[in-house]
Amino acid sequence: MIKKLLLVEDDPITQMLERIILSNAKFCQEAISLDNGVAATEWLDQFLEKKELQLLFPELIFLDLNMPLMDGWEFLKIFEVKYSSFLPSTKIIILSSTINFLDWEKSKEHSLVIGFEKKPLSIDALERLKKSIELSHYFIDTNQ
Amino acid sequence: MIVNENLDILVVEDNEGDALLIQEYIKDELPLTKLTHAWNIAETERLLKEHKFNLIFLDVSLPDSSGKDSIIKVVELAQKTPIIILTGYSDLSFAVESMQLGVQDYLNKENITGSSLHKSITYSIERNRIRLQLIDSDNRFRSIIENSIDGFALISAEGQIQELSPYGNSIIGFDPLENAGLFQIDFLHPEDRKKVLAVFFEVLSKPGSIKLLEFRYKRPDGGYRWMESTFYNLLENTAVNAIVLNYRDVSIRKKEEDDRKYLIDELTKTNDYLKQFGFIISHNLRSPLTNLLAISDLINPELIPDAQTAELFKAVQISTNQLNDTLNDIIKVLIIREQQGRDLQKISLVDAWGSFYNQHKLQGTLPVCDIQTNFENPSHIYFDKAYLDSIFSSLFSNAIKFASPDRPLCIKIKSFMEGTETGIEFSDNGKGFNYQMVKERIFGLHQRFHDNVGGKGFGLYLIHSLVTSLGGSIKCKSEVGKGTSFFIFFKQSNHD
């Protein structure tokens, strides 16, 4: 199971539902909800400031695209430049209600993005992710 | 040219001896000539009114008129007939001057020879003919300019303007007959003055150059009119030696252009607004809708104890899914409308189908049915991969929606070549519909042909939009109870 997961999502109902689905699918031990890109970068800043704390890195980020203050694309750019070197094992999955396949194509330009999931998040989708090459090693016990 | 025709010559001479002498000479040189003699101006006047001569010999000192007066009078009466002056030594210098009054030649009476007379007659007639031709051609040219609906003006290198055409006067607001109007720089619209002068100096610097220009010109009533003009540098052309300005009133056209531009601007604004509105609405609808989808997925109706509530909840689930399908199609159409001019790529059909099939198999969105494919000829098309994916998905959801309850769904997909066209045929064995009744309207918006299924018509509209946005076309055949076939034609290559 994934130990720590970031949920960057502005809609409180969506947050609540995703937490239920994550829990039902037994996908992660801890999910931290952050309301937008700015909140996410502020939360990540603690790794830059207090490296000695050896905080538990998030292994995965579920990133919404349309958010106020800082949207998903902006966050991606900042993450790549500022945080990715400190969080080398953190992967990103875009979780969006967009059905614009051009967003899909755009996300492929970012190497840290390992997936693009359409909302709503479903248990089926999570089960599929558990078996993916990038994430399967977190679920060796459950997959067996 | 040698004068060999039967000439008709009038000799005006008051001296009987001189008259006889001249006539003798003419008879010797040109024996076929018909001769008439007049003693004075009065008689000449009468003869000229009655008869047209080929040539007139005129003595400049006559009893009833002499010198300049005689010449002017006879030139006027003779109209186009050439005149040769007869003089003595005493008024030779006057004879030379008289050439300017329109006579062709002069002869010294005291010094006439047969050959000089012959030569003078021949030259005078010939020179007169050329003169008349020139007058004629000049008149024709003037008439063209004066009757032209364009304004013409000549501008010297120093900027002096000379109006040529009466119509030009009326263009700039003056009476053509009064000739009061003159094209003037001062009457140019202040905003255009610099531009007009710049063009004028540019043309001035290059002999032979032409420039087109539009500017506003003030009429006497104070209103401005749009003029379309050309400046043509003909300074090196010795016959013209000016810059030729040619102009016409294009105010009506200008106004139409302005109106059209305003209309296009307004339409573009409205269109952009509608597009934005469409995106905002559909995005704002999608967020709560995905939540509804998640909620209806999480609630297990079997755990609802009350039967009616459970039934109602199922209706909520179905409605939510329908809303989702419709909204997805609307958004896709909006995206395609926004995406102009995507490049065509060469796509391997086997690969494209393979990736579509695997992805949808994985997500469980493909129906359980028999699917037969044949992508042998042609194996490639020129299209957009993402669009093709979208078309496959829409065709599948359409086939599932209208599957027949009487038999298991079977779908056949194959590529084909028809003449020079390449295409894909997508057939199902579903319910089908009466194609004759609906024809190509099935690809329009909000068309529904099945009474019992919640078709929204968006799916086919979406396919049609995708195909036509990249230069292709789509056709359909269908028969009730047999099934439906779609034929999608693609552009041949990305080079046309």
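Two residues are in contact if their C-beta atoms, placed from the backbone, lie within 7 Å. The exercises below concern a predicted model.

**Exercise 1.** Determine which elements of chain A the buried residues of helix H2(A) pack against.

*Solution.* Begin with the helix itself: H2 of chain A covers residues 37-49, 13 residues in total. From its first C-alpha to its last, the helix reaches 18 Å, close to the 18 Å expected at 1.5 Å a residue. Next, identify its buried positions, which are A:Gly37, A:Ala40 and A:Leu44. An α-helix has 3.6 residues a turn, so residues three or four places apart point the same way. Finally, list the partners: the buried residues of H2(A) pack against strand E1 (2-8), strand E2 (28-34) and helix H3 (72-83), which belong to chain A.

**Exercise 2.** Establish whether B:Phe486 is buried or exposed, and name its contacts beyond four places in sequence.

*Solution.* Locate the residue first: B:Phe486 lies in strand E17 (residues 483-490) of chain B. Then apply the cut-off of 20 or more other C-beta atoms within 10 Å. B:Phe486 has 26 such atoms around it, and is therefore buried. Setting aside neighbours within four places in sequence, B:Phe486 is in contact with B:Leu395, B:Phe426, B:Ile474 and B:Cys476. Of these, B:Ile474 is twelve residues away along the chain, with 7.1 Å between its C-alpha atom and that of B:Phe486.

**Exercise 3.** Describe the side of chain A that touches chain B.

*Solution.* Chain A and chain B each bring 18 residues to the contact. On the side of chain A, helices H1 (12-24), H4 (101-107) and H5 (123-130) each give two or more residues. H1(A) gives the most, with five residues. By class, this side has eight nonpolar, five polar and five charged residues.

Conventions. Residues are numbered from 1 along each chain as its sequence is written. Chains are lettered from A and ligands numbered from 1 in the order in which they are written. This is a predicted model: local features need pLDDT of at least 70, side-chain atom pairs count only at pLDDT 80 or more; totals for chains, interfaces and linings use all residues. Helices (H or I, at least four residues) and strands (E, at least two) are DSSP runs, numbered from the N terminus. A residue is buried if 20 or more other C-beta atoms lie within 10 Å of its own, exposed if 12 or fewer, and partly exposed in between; C-beta atoms are placed from the backbone. The expected span of a helix is 1.5 Å times one less than its number of residues. Ala, Val, Leu, Ile, Met, Phe, Trp, Tyr, Cys and Pro count as nonpolar, Asp, Glu, Lys and Arg as charged, and the others, Gly among them, as polar.
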